[in-house]
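Open the model in your viewer and keep the sequence panel beside it. This tour goes stop by stop, and at each stop you select something and read what is there.

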Amino acid sequence: VLLRAFPTGGRPPFTYSWTPSASVRNPNNSDAWAKPGVTTTYTVTVTDTAGCVITETIPVTVHPLPAADAGLDRMICVGNTTQLGSPGVLGNSYSWSPATGLSSATAPMPNASPPRTTTYILTVTSPDGCPKRDTVTVTVNPDVQITPAGPVSICIGGSIQLDAGAGYVAYS
């Protein structure tokens with residue numbers, strides 16, 4: 001957050017000192033960037049050339065980030081469904097992108113049935129407006145394609161060789 005001191009009256013030039021200075025960039029300027037990790041009250045001390053000193057305080061509230069859990073990566077077959085996410089927290093809003101193949105793009109735990117391998121991005125926003133993201137990839141395994149190794153017409157007692165391709169874990 002940008003902290004600014006605007007002295008009125010006094011004799012310029014002014015000197016500035018922001019405290020606590022550990023989380024402040026340029027703590028000796030009238031404009032100072034603060035990046036506190038927790039809610040912090042900052043104090044600025046302004047001194048003019050006559051030695052007059054004034055102090056002012058400003059609280060900076062730090063809101064926690066919500067939990068965002070899109071779940072573990074999943075592997076499904078074409079046409080199957082899997083559930084993503086984790087139970088939601090009342091007050092948070094949920095947004096999934098892309099919405100392709102989802103039962104809901106705003107539910108904390110939608111069902112997913114994407115047509116192809118898809119990486120979904122979950123954005124959870126707290127009531128304070130703080131967003132957090134997580135991703136999950138649903139890998140869609142292709143359908144098995146059986147290819148005959150010749151004509152598909154045979155006589156009784158004959159046989160034909162069928163090829164289901166290589167790389168599968170099991171064949172039945």
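Start by selecting strands β3 and β4, the latter covering residues 31–34: the two run antiparallel and are joined by 2 bridges. The model is a predicted one. Within this pair, show arginine 25 and look across to β4, where tryptophan 33 stands opposite.

**The small sheet**

Now add β1 to the selection. In what order do the 3 strands of this open sheet lie? The order is β1-β4-β3, with antiparallel pairing. At the edges stand β1 (2–4) and β3 (24–25); each has a single partner strand, so one side of each has no neighbour in the sheet. As background, the strands of a sheet are paired through backbone hydrogen bonds.

Next, show the side chains of aspartate 31 and arginine 4. These two form a salt bridge, and their closest N and O atoms are 3.2 Å apart. The pair links distant parts of the chain, since aspartate 31 belongs to strand β4 and arginine 4 to strand β1, 27 residues apart. The count of salt bridges comes to 1. Are the two partners buried or exposed? Aspartate 31 has a relative accessibility of 31% and counts as partly exposed. Arginine 4 is also partly exposed, at 47%.

**The turn between β3 and β4**

Select asparagine 26, which sits in the loop between β3 and β4. Its phi is near 60°, a positive value in a residue other than glycine. With a relative accessible area of 38%, asparagine 26 is partly exposed.

**Prolines in the loops**

Move to the loop between β1 and β2 (15–19) and select proline 7, which lies there. Which residues does proline 7 touch, leaving aside its neighbours within four places in sequence? The contacts are Phe14, Tyr16 and Val46. Proline 7 has a relative accessible area of 30%, so it counts as partly exposed. For a sense of distance, add alanine 68: from C-alpha to C-alpha, proline 7 and alanine 68 are 43 Å apart in space, and 61 residues separate them in sequence.

Stay in the loop between β1 and β2 and select proline 13, which also lies there. The peptide bond that joins proline 12 and proline 13 is cis, with omega about 0°. A further cis peptide bond runs from threonine 19 to proline 20, where omega is near -5°. Proline 20 is in the loop between β2 and β3.

**A hairpin**

Select residues 40–47 and 53–60. These are strands β5 and β6, which run antiparallel and are joined by 8 bridges. Show threonine 40 and find valine 60 opposite it in β6. Then go to the hairpin end, where 5 residues lie between the strands. Which residue of this hairpin takes a positive phi? Glycine 51 does, with a value near 90°. While the strands are on screen, recall a general point: side chains in a regular strand alternate between the two faces of the sheet.

**A nonpolar patch**

Now turn to the far end of the numbering and switch on the surface. Select Val144, Ile146, Val152, Ile154, Ile160, Leu162, Tyr168 and Tyr171, which form a nonpolar patch on the surface with about 800 Å² of accessible area together. One of its members, valine 144, is placed in the loop between β12 (131–141) and β13 (147–148). Valine 144 is partly exposed, and its relative accessible area is 45%.

**The whole chain**

Finally, clear the selection and zoom out. How many helices and strands does the chain have? There are 0 helices and 14 strands, so a cartoon view read along the sequence shows one β after another.

Rotate the model to see its proportions. Along the principal axes, the C-alpha atoms fill a box of roughly 110 × 30 × 20 Å. The radius of gyration of the chain is 31 Å, while a compact globule of 172 residues would have one near 16 Å. Of the 172 residues, 23% count as buried. About 11,300 Å² of the chain is exposed, and carbon and sulfur atoms supply 56% of that area. Among contacts between residues at least 6 apart in sequence, 47% join residues at least 24 apart.

Key. Residues numbered from 1 in each chain as written. Predicted model: local features only at pLDDT ≥ 70, side-chain atom pairs only at ≥ 80, totals over all residues. Heavy atoms only, no water. Patch = residues over 30% accessible without salt bridge, like charges linked within 9 Å, V, L, I, M, F, W, Y side chains within 5 Å. Areas by Shrake-Rupley, 256 points an atom, 1.4 Å probe, with all protein chains shown as cover. Salt bridge = Lys/Arg side-chain N within 4 Å of Asp/Glu carboxyl O. Helix = DSSP H or I, 4+ residues; strand = E, 2+ residues; numbered from the N terminus. Buried < 20%, exposed > 50% of the residue type's maximum accessible area, 1.4 Å probe, protein only. Rg over C-alpha atoms; globule rule 2.2 N^0.38 Å. Contact = heavy atoms within 4.5 Å. Pairing = 2+ DSSP bridges.
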